[in-house]
Amino acid sequence: MPVNYYIFLSLILFSIGIAGVLTRRNAIIVFMCIELMLNAVNLLLVAFSKMHHVTALASDPATTAGIEAQLFVFFIMVVAAAEVTVGLAIIVMMYRNIHSVDINFLNRLKH
Amino acid sequence: MSKLIYLVPLFPLAGFLLNGLGRNLLSRTLVSVIAVGSVLASFVMSLLIFREVGADGFQSQVIKLFDFIKVGKVDIPFSFQVDQLSALFLLIITGVGTLIHLYSTAYMQEEKPSHFARYFAYLNLFVFSMLLLVLGSNYVIMFIGWEGVGLCSYLLIGFWFGNEAYNDAAKKAFVMNRIGDLGFLLAVFWMMMRFGTTDFAQVFDKAPEATAAVLTGITMLLFVGATGKSAQIPLFTWLPDAMAGPTPVSALIHAATMVTAGIYMITRSHVLFDLAPVTQSVIAIIGLATALLAATIALRQNDIKKVLAYSTVSQLGYMFLALGVGAYTGAIFHVMTHAFFKALLFLGAGSVIHGLHHEQDLRNMGGLSKKMPITHITFLIACLAIAGIPPFSGFFSKDEILTAALLKNPVYYVLGVAGALMTSFYMFRLYAMAFRGQFRGTEAQASHLHESPSAMTIPLIILAILSVAGGWVGIPEVLLHDAHRLQAFLAPVLEGIDGPADGGHHLSHSTELMLMGGVLVLIIGVITFAWKKYSKYTRSEEVTSTGVAKFLENKWYVDELYDTIISKPLKSISAFMNLRVERQVIDGVVNGVGKAVQYGSRQLRLIQSGQVGSYILIMVIFLILFFVLQLFWNLQ
Amino acid sequence: MSISEILFWFLSALSILSALMMVTSRNPVHSVLWLILVFFAISGHYILMNAQFLAIVNMIVYAGAIMVLFLFVIMLMNMNADTEPQKSKWMKMAGTIGSGSLLLVLIAALRDSEVRARTLEGPEGTIGLVKQLGAVLFTDYVVPFEISSVLFLSAMVGAVLIGKKD
């Protein structure tokens, strides 16, 4: 597959994620859309890693070009996991205080 | 000795500083010593300088003290001019000043020490300023003194500042002075522009080059300044109100010195005035008009000091008449004699007021001749002098002026004689109501009535002697050949002008003697009439006056006139400006700017809603914008 | 069309469809389920590109742990379709248009890119295998690896602290 297709796919998933963030009021759904965006980026990274590898393979069959991107994806997942942990803890705390997860109520932080 | 001229104003200045700064520390005695001593020291210096100036072959000198203003082509040094005119004025100022300082030490005894010291500090400051005025060798230094005496006049008139009416009188004096000062300043600016200098000698050298219009303009403006300072029409109404100040102040400032500043200035600038005959006519007419106006008002005044105040205005009018007809020597002569007898009159009045415990209404006086003999005799001498009876001083000076007026225009002479007759009438009305007849005051006043202390009577005696003998330096040609010592003395300063005694017009001796005699007879007649009438004055005679009398008593309603045409319109204009321009326009603009900023910021604040969603939306929008921009930039 | 192409198109369609469903469904539990489906599709893509390790890790970490966590929290809050707050119509419209425009702009930017010619072949190369990944991870990138463990520790501590009932 030309790597273009992967780029477009990733873009579409990314913008769907943004649509979700802008459209939904439930904090948890917004969070999930953020995860979707992260995944779109992961997909793109892996696609590029494969592309570089294939290009490099033509000249040197024992190359490990493009492996860094996959490691990067690995670390993204690590960070996403940690972020979800803390984020959900915050949301739970917010729910405990105001009994709602509506992000519009977050403006109380302003006061 | 003239090198030490700077000492003359320095002593009073030192006295001012010492008394002013130490007013809470020094006792009354010490203050008196400092004050009187400083002016006395100046007087001694003035005597020495006078002797030097009067010696043969003296050349007028300009002694520079330091550079005052030196910018580019403008060079105004702080320098003094020592010549006959300034030496004469020095004597008058310091001499009469010392006497009045001495008198004040007794007159102001009731004041608290700090007020006492303040009074003498102001008085010393006044003498200092007046000396600057007459000593300055250019118009700027003269103006410094000019302003200084105006300031001191304000300070001293409003000396008893607890009384609102006195404060108003002080303000009135200062404001009217200021109006005159504007004329003076404009003249100085014009001079600077036209001649490039304000120095007397240089201006007088360059004066003939200027056009008649320029000279008339400058001299008219200078005359405006003189009308303010010397209380001529239209700026004379402050002087009667200035009687609110202590009587010695009235004597010194408003009789002997400050009000003569205008005459000094015009005499000093005689070169300019001789080149502007239009101005001279104006001066003569205004002087004459003032003399008559003030004399008519004085006929109906009942306050002893007010009569004297209007008398001063009237006599100043005579001096200006003299200046207007070119008789500069006559004007200076009258300044000198007037200083003597008017100061004496005021100090005598002060003595009376003091003896009667601040009674000033003539209708409550009478018969004081027995209880206050020294005051009585000296006062009588002064009245005779001012009325123009020979051999007292007033006769000689007044006669010189009238003769000069006759040579210019017979109408001036007739009107001048009319004024002289009125002068003798109201003066002897004053004398008779105060000193003759029955005492009309209260019992309490009668029991406390006594002669004033010696510190007050000694100056009276000295001034009386001067009032008698002061005229003998100016005996005219007619009576004694070549005996006009004053004219000979002042000739070097006043040269270049033809007094009416030289060139062209000349009265025959017989005519002059006849006129002199005729006027004298008339005056004696008027005096007798007034004496007789007012010696028998009793209170019940006076009822509310009507007609002409009322008009005169209310000072020709001049103050009311000024109020209507000047004060009220000014007040309504400023009220209008305050309401419309100040509040609505200026405040409106300033507050409007503030309100606009507040409104704008309130609208801007709404962007920060705290809504996460809107924040992210805006982020996305801008992200798109950036990408688009990036795209199009790269494409181009 | 080879089998990998067909699989590619199928997985792409599945992922896009699931994402759309996730964003638009009213019941949050349904959203979670749809998202899990998206993860499955993406893992499929990974396998297509021979990134086996990542595919498995994606399943285990994302779909297995993170989504389960989400489900727990949703169930804790007892959310269902009724309690779901809705944004105003205008905001939804604005959001959709905004993201749509972003998509368009990005696609427009990238449609002429040079990489069009590059292709990804099938399951060739060994970089996706655990052995290869592990070799590079533990030699060149061991420091970030250790730091990520510290990151996890801090995340745990943070979560516990925030979630305490005091």
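**Close-up views of a predicted model**

**View 1. Two buried cysteines.** C152(B) has a relative accessible area of 0% and is therefore buried (under 20% relative accessible area; exposed is over 50%, with partly exposed in between, for a 1.4 Å probe and protein chains only). C33(A) likewise counts as buried, at 0%. Over all chains there are zero disulfides (pairs of cysteine sulfur atoms within 2.5 Å). This is a predicted model, in which local features need pLDDT of at least 70 and side-chain atom pairs pLDDT 80 or more, while totals for chains, interfaces and linings use all residues. Residues are numbered from 1 along each chain, chains are lettered from A and ligands numbered from 1 as written, and side-chain values use heavy atoms, without hydrogens or water.

**View 2. The largest nonpolar core.** Here, 202 residues make up the core, with Y139(B) and L222(B) having the most contacts inside it. A nonpolar core joins buried Ala, Val, Leu, Ile, Met, Phe, Trp, Tyr and Cys residues through side-chain atoms within 4.5 Å. Helix α15 (residues 328-355) of chain B gives this core its largest share, 17 residues; helices are DSSP runs of H or I, at least four residues, numbered from the N terminus. Beyond neighbours within four places in sequence, the contacts of L222(B) include Y139(B), F184(B), M265(B) and F273(B) (contact: heavy atoms within 4.5 Å).

**View 3. Two sides of helix α22 of chain B.** Within residues 485-494, L486(B), F489(B), L490(B), V493(B) and L494(B) are buried. They fall within an arc of 130 degrees seen down the axis, so they line one face of the helix; the arc uses directions from the helix axis to the C-beta atoms. R485(B) and A488(B), on the other side, are exposed.

Notes:
Helices (H or I, at least four residues) and strands (E, at least two) are DSSP runs, numbered from the N terminus.
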